[in-house]
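Colleague: I have this model open beside its sequence, and I would like you to take me closely through one part of it. Please choose a single helix and set it in its surroundings.

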Amino acid sequence: WGVARVELIFETLLMVWGLVICLIYAVFAGWVMKISHLRKAMGFSNELFYNVWRIAVRLVLPLSILIAIVAVIGQVL
């Protein structure tokens, strides 16, 4: 009985850990990294696509990751 419960807890911790790392990457790419360096690294030729990507990385992605973390934790509880 205990092994099945430990597996569930370990799987949940790994899922939350992975989502937290993704959140850190998203915050770094969207808020910390300089715009000029980011544009060079990504190689966007169109300004519209770059702005849409930047909004998605700054707002949509972190909110989606936070919702996923809450869903994973809520599933266990």
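**A close look at helix α3**

Modeller: In helix α3 of this predicted model, the buried residues are Y50, R54, V57, P62, I65, I69 and V72. An α-helix has 3.6 residues a turn, so residues three or four places apart point the same way. With that in mind, you can follow the buried positions on your display from Y50 through R54 to V57, and then from P62 through I65 and I69 to V72.

The helix itself runs over residues 47-76, which makes 30 residues, and the distance from its first C-alpha to its last is 43 Å, close to the 44 Å expected at 1.5 Å a residue. There is nevertheless a kink of about 40° in α3, and its centre is V57, which is also one of the buried residues of the helix. At the N-terminal end, α3 is capped by N46, whose side-chain oxygen lies 3.1 Å from the backbone nitrogen of L48.

Two places in helix α1 help to relate α3 to the rest of the chain. One is T12, which sits in α1, the helix of residues 2-32. Once its neighbours within four places in sequence are left aside, T12 is in contact with V72 and V76, and V72 is among the buried residues of α3. T12 counts as buried because its relative accessibility is 15%, below the 20% limit used for that label. Its side chain also reaches back within the sequence, to the backbone oxygen of L8, at 2.8 Å.

The other place is Y25, likewise in helix α1. The C-alpha atoms of Y25 and P62 are 9.4 Å apart, although 37 residues separate the two along the chain. P62 is buried, whereas Y25 counts as exposed because its relative accessibility is 59%, above the 50% limit for that label.

As for the whole, the protein chain has three helices and zero strands, in the order α-α-α. Its C-alpha trace spans about 55 × 20 × 15 Å along the principal axes, and its radius of gyration is 17 Å, where a compact globule of 77 residues would have one near 11 Å. Buried residues account for 19% of the 77 residues, and of the accessible surface, about 6,100 Å² in all, 75% belongs to carbon and sulfur atoms. Among contacts between residues at least 6 apart in sequence, 68% join residues at least 24 apart, and the contacts of T12 with V72 and V76 can serve as your example when you look for such pairs.

Technical notes:
Residues are numbered from 1 along each chain as its sequence is written. This is a predicted model: local features need pLDDT of at least 70, side-chain atom pairs count only at pLDDT 80 or more; totals for chains, interfaces and linings use all residues. Side-chain values use heavy atoms; hydrogens and water are left out. Helices (H or I, at least four residues) and strands (E, at least two) are DSSP runs, numbered from the N terminus. Buried means under 20% relative accessible area, exposed over 50%, partly exposed in between (1.4 Å probe, protein chains only). A polar contact is a pair of N or O atoms within 3.5 Å; within protein, one must be able to donate a hydrogen and the other to accept it, and residues adjacent in sequence count only if both atoms are side-chain atoms. Contact means heavy atoms within 4.5 Å. The expected span of a helix is 1.5 Å times one less than its number of residues. The bend at a residue is the angle between axes fitted to the seven residues ending there and the seven starting there. The radius of gyration is taken over C-alpha atoms; the globule rule is 2.2 Å times the number of residues to the power 0.38. Accessible areas come from the Shrake-Rupley method with a 1.4 Å probe; for residues, only the protein chains shown count as cover.
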